[in-house]
Amino acid sequence: MKVVVVGGGIIGLAHAYQAAKAGHEVTLLERDSKAEGASVRNFGMVWPIGQPLGERRALALRSRDLWIQIAQELEIPFRQCGSYHLAHHPSELQALEQFCALAGPEVAEIHGPEEVFRQSPDLRPEGLLGAMWSPHELSVDPRITCAMYAKGLQAKLGVQIRFNTTAHEITENRVVHRHGVEEADHVFVCSGHVLHHLFSDLLTEKGIRLCKLEMLRARWNAPVPQPGPHLCAGLTLLHYESFAPLPALPAVRDRWQETAPDALEAGVHILVAQHPDGTLTIGDSHEYGTSFDITSNQRVQAVIERELDRFLPADRWSVFERWTGQYAKCASEPYVVIPLTPSTTLVNGVGGHGMTISQALAEQVVKQRLPQSTAV
Ligand SMILES: Cc1cc2nc3c(=O)[nH]c(=O)nc-3n(C[C@H](O)[C@H](O)[C@H](O)COP(=O)(O)OP(=O)(O)OC[C@H]3O[C@@H](n4cnc5c(N)ncnc54)[C@H](O)[C@@H]3O)c2cc1C
C-alpha cells in the first residue's frame, strides 16, 4: 500500500515508522525545511510517571520500550535517566508517599536526601526532605531527535521525506501539495498545532485548543556534573492528573497558593532535563487560547527562574536561550484519532505528552487503520 503522512513532528515520524515496518511504501510531507513545531521545542522527556495509572501508563510504558528499540535502530542518542520529584514540605512528601503506596514499588519509591544528593549533587540542600524516584523516564535531545529520526527513516526503512512541502488539500486518496499531487491508499494527518487550514472546524469541534509554553536552555557553571535524572519539585504535583486523587494534594495546593500565586496563575511548574553536552532544558508555563503574543513573556520567564532557584541554586547555571512552544491539546481526551474516511486518519490533540506516548500511539493507530503486510 502507498501511505502518505502529513507532518514531520514526532507523531508523523512515528506513524511513518510503523507504516514502513508493516511493509508499506511511505512518503512523509513536512511544510517546513525541518520540523520546527512542538517536537523540537520540548524537553525531550519520555515521562511515563506523568500518566494516570492503568491504561494510559501502560501506553506510555509501551511507548518507552518502543523508543529504546527505535532509537537504537535509527541511531538516535538517548539516556535511561529516571526522574526525581523533590519534596521540600511535609505535605509534598506525604503526597509522594501516598502516590507510591497507590502505585506500588514497581512504579516509584521514596529516596532520602542522602541518596538524592548522591544522584544529583548540585541540588540545594536546605529544606530537602526526600524525593520520589522513578526509574522509567528517558531523555532524548529534542534539538536533534526529529532530524535524526527522519534521516533514519530514509536511510534504513526507505521512507521518502519531502521537506518544504505543505499539504493544501486532502481528499479521498489524494493529497494536493505545492509541488503537485500525491496519490495514496491511506493518509495520516499529523499536523500538530497548525490547526487553521487542515480540518480546522473538525478539530475545534473535538475541543482541541492551543497552549503556549515558556522555555529556557541553560549551561552548568563549572564544574559540569555528569547528567543526572530529570528533576521536578512540588509544583509538578499540581500539574499531572496522576497526582490528582491524592488526599494530601489540597494541602500542597494551599501552600503553593500562599507561597507563589503568580506561579499557579501562569501554570508554571518546573521540569529540568539534563543533556550530555552539559546543557539543561528548563520550563515551563501554560497559557491556553487560540492565538498568542509572538514574544516570550519575561515576567513568566522570571517566575520560572525563581522557582528553579528554590531547588537548583542560580549560581550553578546560566541561561543562554529562551523560546516558546505551542501544542494542541484535546480538553476531554488524552489524544484524538479521527477516521475521516476509510482511507484518511487524523491524529492530533496529544498535548503535553506527545513525546511520551507517540511511539505506542502510532503503533496502535497503524495496526487499526492499515492492513499488516510483510514486516521489513
Ligand atoms: C515547550 C514544550 C515542551 C514539551 N515537553 C514535552 C516533553 O518533554 N515530553 C512529552 O512527552 N511531550 C512534551 N511536549 C509535548 C510534545 O512536544 C507534543 O505533544 C508533540 O511534539 C506533538 O507532536 P506533533 O507531531 O503532533 O506536532 P508538531 O511537532 O508540531 O509537528 C507537526 C508538524 O506538522 C507540520 N505541518 C503542519 N501542517 C502541515 C501541512 N499542511 N503540510 C505539511 N506539514 C504540515 C508542521 O510543520 C510540524 O512540523 C512539549 C511541548 C512543548 C510545546
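# A guided tour of the ligand shell and strand S17

Begin with the ligand: the shell around it draws at least three residues from each of domain 1 (2-64 + 141-195 + 333-369) and domain 2 (83-135 + 208-330), with domain bounds taken from an automatic or database domain assignment. This is a predicted model, in which local features need pLDDT of at least 70 and side-chain atom pairs count only at pLDDT 80 or more, while totals for chains, interfaces and linings use all residues. Residues are numbered from 1 along each chain as its sequence is written, and side-chain values use heavy atoms, with hydrogens and water left out.

**Stop 1: the ligand shell.** Select the residues near the ligand, meaning those with a heavy atom within 4 Å of it. Of these 40 residues, Glu30, Ser39, Met45, Gly351 and Thr356 come nearest. By class, the shell has 16 nonpolar, 20 polar and 4 charged residues; here Ala, Val, Leu, Ile, Met, Phe, Trp, Tyr, Cys and Pro count as nonpolar, Asp, Glu, Lys and Arg as charged, and the others, Gly among them, as polar. Among the elements that each supply at least two shell residues are helix H1 (10-21) and strand S14 (208-220). Helices (H or I, at least four residues) and strands (E, at least two) are DSSP runs, numbered from the N terminus.

**Stop 2: atoms facing the ligand.** Select asparagine 42, where a side-chain N or O atom is 3.0 Å from an oxygen atom of the ligand. Next select glycine 352, whose backbone places an N or O atom 3.0 Å from a nitrogen atom of the ligand. The protein covers 97% of the 1000 Å² of accessible area that the ligand has on its own, by the Shrake-Rupley method with a 1.4 Å probe.

**Stop 3: strand S17.** Select residues 279-283. Is strand S17 buried or exposed? 5 of its 5 residues are buried, so the strand is largely enclosed by the rest of the structure; buried means under 20% relative accessible area, exposed over 50%, and partly exposed in between (1.4 Å probe, protein chains only). In a regular strand the side chains alternate between the two faces of the sheet. Thr279, Thr281 and Gly283 point one way from S17, and Leu280 and Ile282 the other way.

**Stop 4: the neighbouring strands.** Add S14, which pairs with S17 in the antiparallel sense over 5 bridges; pairing requires at least two bridges found by DSSP. Arginine 217 stands opposite threonine 281 in S17.

Definitions and conventions. A polar contact is a pair of N or O atoms within 3.5 Å; within protein, one must be able to donate a hydrogen and the other to accept it, and residues adjacent in sequence count only if both atoms are side-chain atoms.
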